[in-house]
Amino acid sequence: MARKNKSPQKAAMREMMRRYLKDNDMRDPDQPKRDSFDLGDFLRSTLTGGLMGGLFGVAFYGMDKAVKALEGSLTGDEIDMVD
């Protein structure tokens, strides 16, 4: 696909970058080499990221509750642990 109204310098840089990425195999090393988009890999990565984000969110929420309870026990304040 040719680009219109682009300078020769930009076209040369684009071609150099394309060759560099192709020659140096710039991709995720854990994934097999493919020439096309794979919906399964995309969904797997998306779900894994969402799951990990959710787990970290729960962990930090629990840690926040534990820190507040510890602070309350040190100062003598009673903390309601049920929200």
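Is Lys68 buried, partly exposed or exposed? With a relative accessible area of 42%, Lys68 is partly exposed, and the tour will come back to this residue once the overall layout of the model, which is a predicted one, has been set out.

**The whole chain**

Begin with the full protein in a cartoon view, where the secondary structure amounts to two helices and zero strands. If you then switch on a surface, about 7,900 Å² is exposed, 62% of which is supplied by carbon and sulfur atoms, while 4% of the 83 residues count as buried.

**Helix α1**

Select residues 8-23, which make up helix α1, and show the side chains of Glu15 and Arg18, which both lie in it, three residues apart, or about one turn of the helix. These two residues form a salt bridge, in which the closest N and O atoms are 2.5 Å apart. Both partners fall in the partly exposed class, Arg18 at 44% relative accessibility and Glu15 at 33%.

**The start of helix α2**

Move on to Phe37 and Phe42, which form the one aromatic pair that a search of the whole structure finds. Their ring centres are 5.9 Å apart and their planes stand at 50°, so the pair is described as tilted. Phe37 counts as exposed, at 62% relative accessibility, whereas Phe42, at 45%, counts as partly exposed.

Now select Asp38 together with Gly40: Asp38 caps the N-terminal end of α2, with a side-chain oxygen 3.3 Å from the backbone nitrogen of Gly40. Next, add Asp41 and Arg44, which are joined by a salt bridge whose closest N and O atoms are 2.5 Å apart. Because they are three residues apart in helix α2, Arg44 and Asp41 are separated by about one helical turn. Asp41 is buried, with a relative accessible area of 13%, and in α2 that class also includes Lys65 and Gly72.

**Along helix α2**

Extend the selection to residues 39-75, the whole of α2, and draw a distance between its end C-alpha atoms. At 1.5 Å a residue, the 37 residues of this helix should span 54 Å, and the end C-alpha atoms are indeed 54 Å apart, so the two values agree.

With the helix still selected, colour Leu51, Met52, Leu55, Phe56, Phe60, Met63 and Val67, which form a nonpolar patch on the surface and together have about 710 Å² of accessible area. For a closer look at one member of the patch, centre on Phe56, which lies in α2 and is partly exposed, with a relative accessible area of 49%.

**Back to Lys68**

Finally, return to the residue of the opening question and show Lys68 with Asp64, since side chains of opposite charge can pair when their charged atoms come close. The side chains of Asp64 and Lys68 meet in a salt bridge at 3.6 Å, N to O, and this is one of the three salt bridges counted in the protein. Both residues lie in helix α2, four residues apart, which is about one turn of the helix. An α-helix has 3.6 residues a turn, so residues three or four places apart point the same way. Asp64, at 36% relative accessibility, counts as partly exposed, and Lys68, at 42%, is partly exposed as well.

The last stop is Gly76, which follows α2 and has a positive phi, near 90°.

How values were computed: Residues are numbered from 1 along each chain as its sequence is written. This is a predicted model: local features need pLDDT of at least 70, side-chain atom pairs count only at pLDDT 80 or more; totals for chains, interfaces and linings use all residues. Side-chain values use heavy atoms; hydrogens and water are left out. Patches are made of residues with over 30% relative accessible area and no salt bridge: like charges are joined within 9 Å, nonpolar side chains (Val, Leu, Ile, Met, Phe, Trp, Tyr) within 5 Å. Accessible areas come from the Shrake-Rupley method with a 1.4 Å probe; for residues, only the protein chains shown count as cover. A salt bridge is a side-chain nitrogen of Lys or Arg within 4 Å of a carboxyl oxygen of Asp or Glu. Buried means under 20% relative accessible area, exposed over 50%, partly exposed in between (1.4 Å probe, protein chains only). Rings of Phe, Tyr and Trp (its six-membered ring) pair if their centres lie within 6.5 Å; planes under 30 degrees apart count as stacked, over 60 as edge-to-face and the rest as tilted. The expected span of a helix is 1.5 Å times one less than its number of residues. A polar contact is a pair of N or O atoms within 3.5 Å; within protein, one must be able to donate a hydrogen and the other to accept it, and residues adjacent in sequence count only if both atoms are side-chain atoms.
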